[in-house]
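Me: I'm new to this structure and would love a close look at one part of it. Could you walk me through a single strand and what surrounds it?

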Amino acid sequence: MATRHILTIDGGGVRGLVAAIVLDALDQEFKRAGKTSALGDCFDLVAGTSSGALIAAALTLPAPDGGPSPTPLELRNFFEQRARTIFPPRPFCNIPVIGRLPQLFGPLHDPAPFEALMKMQFGDMVFASARRNLMIPAYSIDPRDIVLFRGGPAYAGRDESERFGMIRVRDAILGSSAAPTFFPPHRIESPDRSRAWTAIDGGVYLNDPAMAAVTEAMRLFPGDDIRVVSLGTGRQTRNYPFEKARKWGFSQWVSPTGRFRTPLISAIQDGQARAVNRQLKYLLGDDYYRFDYRLEKGRGSDKLDDASKKNLKQLTRGALEMVDEMRPKLRELAMSLKPINS
């Protein structure tokens with residue numbers, strides 16, 4: 001009976017930097033253990049939502065020119081250097097109420113810079129190109145459905161190969177990252193136009209894809225043991241006082257112009273991640289490795305699009321403090337990982 005290693009990465013917009021820093025730390029321990037293979041080649045399945053989808057795809061796909069996949073350090077550098085391209089600074093947004101009015105009437109950010117970066121990073125590579133098994137969740141609003149875009153060696157000959165094999169990976173990333181009010185939905189079509197989805201952020205139902213990945217691994221590798229490495233992007237800790245929340249209506253629960261910044265969406269994503277964490281701790285015990293920390297005490301903002309130098313610095317600080325605290329777990333993992341021979 002084999003042990004299957006599963007890597008999952010939460011969504012979080014710019015906070016994907018946190019997951020990239022943890023991966024870089026794991027890769028450093030991997031190399032210190034004398035191992036020379038690419039870290040991504042040690043996982044039987046890699047799943048990621050939103051910014052996590054970008055990381056997952058980068059680990060499992062070759063470069064468009066056929067070169068090696070980006071290293072975890074290069075992914076960390078990507079978030080540090082490109083976050084402000086995807087989420088350009090908008091000082092007016094910090095003006096109470098008025099600054100967020102544009103977000104009531106259309107997407108806050110132009111998707112063109114993000115689309116250009118994804119084309120540069122992934123070209124026209126499709127899911128059938130994945131060297132390792134890859135899963136990216138999105139939610140389709142037309143037709144209404146959950147969508148798990150999948151591809152890789154284990155899908156050869158399966159129905160998923162026909163449905164998703166020729167879908168461009170960058171389209172799935174853009175769809176999985178299309179957070180409502182931040183980016184417009186992204187239309188994804190198969191080359192023959194027999195299948196199409198109007199995709200929005202997979203985080204609306206699966207911001208932490210770990211449980212879905214475990215279910216998928218059980219289907220792909222029946223009877224094998226499963227070990228999960230789950231990377232968070234910072235736990236949201238903002239509390240909403242009862243005396244205020246009891247009087248809230250739409251403008252406080254949902255509207256981005258509200259003082260508390262869409263607490264309903266925050267609660268949905270945080271609640272889903274906490275539920276998955278509890279379930280997998282029970283199901284897998286010591287074979288479940290979760291790396292995450294609380295966004296508090298100057299360790300980063302919970303905003304998806306705060307790409308300010310100050311916030312990137314704080315997120316880095318929080319992630320590195322977590323890495324130091326969990327160094328024994330990282331070393332333990334590094335010793336257990338080895339490249340897959342298929």
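Reply: Let's start where Glu-189 meets its bridge partner in strand 6, which is Ala-196. Keep in mind as you look that this is a predicted model. Glu-189 belongs to strand 5, which covers residues 186–189 and pairs with strand 6 in the antiparallel sense over four bridges. Together, strand 5 and strand 6 form a hairpin with six residues between them.

Now follow the chain into that turn. Arg-193 sits there, and its phi is positive, about 65°. The side chain of Arg-193 also reaches a salt bridge with Glu-189, at 3.6 Å from N to O. In general, side chains of opposite charge can pair when their charged atoms come close. How exposed are the two partners? Glu-189 has a relative accessible area of 37%, so it is partly exposed. Arg-193, with 66%, is exposed.

Strand 6 itself, residues 196–201, gives another picture: six of its six residues are buried, so the strand is mostly covered. Besides strand 5, strand 6 has a second neighbour to look at. Strand 3, residues 133–142, runs antiparallel to strand 6, and four bridges join them. One place to find this pairing is Tyr-139, whose bridge partner in strand 6 is Ile-200.

From strand 3 you can step back to the loop between helix 5 and strand 3, where Arg-131 lies. The side chain of Arg-131 meets that of Asp-41 in a salt bridge, 2.3 Å from N to O. Asp-41 is in the loop between helix 1 and strand 2, so this pair ties together parts that are 90 residues apart in sequence. Arg-131 counts as partly exposed because its relative accessibility is 28%.

Another pair to find is Arg-168 and Asp-171, whose side chains form a salt bridge of 2.9 Å, N to O. Here Arg-168 is partly exposed, at 31% relative accessibility, whereas Asp-171 is buried, at 7%.

To finish, move along the chain to helix 9, residues 210–220. This helix is mostly covered, with eight of its eleven residues buried. Among the buried ones are Met-211, Val-214, Glu-216 and Leu-220. Glu-216 also takes part in a network of salt bridges that links it with Arg-150, Asp-159, Glu-160, Arg-163 and Arg-219. Across the structure, there are 31 salt bridges.

Key. Residues numbered from 1 in each chain as written. Predicted model: local features only at pLDDT ≥ 70, side-chain atom pairs only at ≥ 80, totals over all residues. Heavy atoms only, no water. Buried < 20%, exposed > 50% of the residue type's maximum accessible area, 1.4 Å probe, protein only. Helix = DSSP H or I, 4+ residues; strand = E, 2+ residues; numbered from the N terminus. Pairing = 2+ DSSP bridges. Salt bridge = Lys/Arg side-chain N within 4 Å of Asp/Glu carboxyl O.
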